[in-house]
Amino acid sequence: MARVNRVRRRLLAQAVADNVATIRGIGPRRPSRWLGFAINSSKVFFFVALPLILMGFLYVLSRAIEGRAEAVIVGHPAPPVEQLASNAVVDSTRLKV
């Protein structure tokens, strides 16, 4: 319980100090070192690492889709032309000479 009270007092003191600085026209205080590190790390992650990860996944998926397309084409060949011609029905009334 004592730790919670210390944290509350510290937050209240920081809030009062920020309000007084704002009233006096002084700019905001520099954030803590760890907060700055976290902000910079998140910027690097979202603008560099995340797009690289997404491009890697797209590359892997495109390679998998190409392999499946070849398997489908090889697995189901087109019927021979002779078979298509023998099944064709010609309507002689529509032929013009």
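1. Helix α1 covers residues 2-24 of this predicted model, and its length can be checked against its sequence: at 1.5 Å a residue, its 23 residues should span 33 Å, and because the C-alpha atoms at its two ends are 33 Å apart, the expectation and the model agree. Just after α1, Gly 25 adopts a positive phi of about 90°.

2. Confidence should be kept in mind when reading the remaining points, since the protein averages a pLDDT of 76, with 64% of the residues scoring at least 70. Among the elements, α1 has the highest mean pLDDT, at 89, whereas helix α3, made of residues 81-87, has the lowest, at 58.

3. As to overall architecture, the secondary structure comes to three helices and zero strands, and the pattern read along the sequence is α-α-α.

4. Burial is the next matter: of the 97 residues in the protein, buried residues make up 1%. The protein exposes about 9,700 Å², and carbon and sulfur atoms supply 67% of that area.

5. A nonpolar surface patch of about 1,100 Å² deserves a look in the viewer; its members are Val 44, Phe 45, Phe 46, Phe 47, Val 48, Leu 52, Ile 53, Leu 54, Met 55 and Phe 57. One of these residues, Met 55, lies in helix α2, which runs over residues 33-75. Met 55 has a relative accessibility of 52% and therefore counts as exposed, the cut-off for that class being over 50%.

6. How many aromatic pairs does a search of the whole structure find? The search finds two. A pair of aromatic rings is described by the distance of the centres and the angle of the planes. For Trp 34 and Phe 37 the ring centres are 6.3 Å apart and the planes stand at 85°, so this pair is edge-to-face. Both Trp 34 and Phe 37 belong to helix α2, where they sit three residues apart, about one turn of the helix, and both residues are exposed.

7. The rings of Phe 45 and Phe 46 form an aromatic pair whose centres are 5.4 Å apart and whose planes make an angle of 75°, which means that this pair is edge-to-face, as planes over 60 degrees apart are counted in that class. Phe 45 and Phe 46 are also among the members of the nonpolar patch. Why is Phe 45 counted as partly exposed? Its relative accessibility is 37%, and partly exposed residues are those between the buried cut-off of under 20% and the exposed cut-off of over 50%. Phe 46, with a relative accessible area of 48%, is partly exposed as well.

Methods:
Residues numbered from 1 in each chain as written. Predicted model: local features only at pLDDT ≥ 70, side-chain atom pairs only at ≥ 80, totals over all residues. Heavy atoms only, no water. Helix = DSSP H or I, 4+ residues; strand = E, 2+ residues; numbered from the N terminus. Expected span 1.5 Å × (residues − 1). pLDDT = per-residue confidence, 0-100. Patch = residues over 30% accessible without salt bridge, like charges linked within 9 Å, V, L, I, M, F, W, Y side chains within 5 Å. Areas by Shrake-Rupley, 256 points an atom, 1.4 Å probe, with all protein chains shown as cover. Salt bridge = Lys/Arg side-chain N within 4 Å of Asp/Glu carboxyl O. Buried < 20%, exposed > 50% of the residue type's maximum accessible area, 1.4 Å probe, protein only. Phe/Tyr/Trp six-rings, centres within 6.5 Å; stacked < 30°, edge-to-face > 60°.
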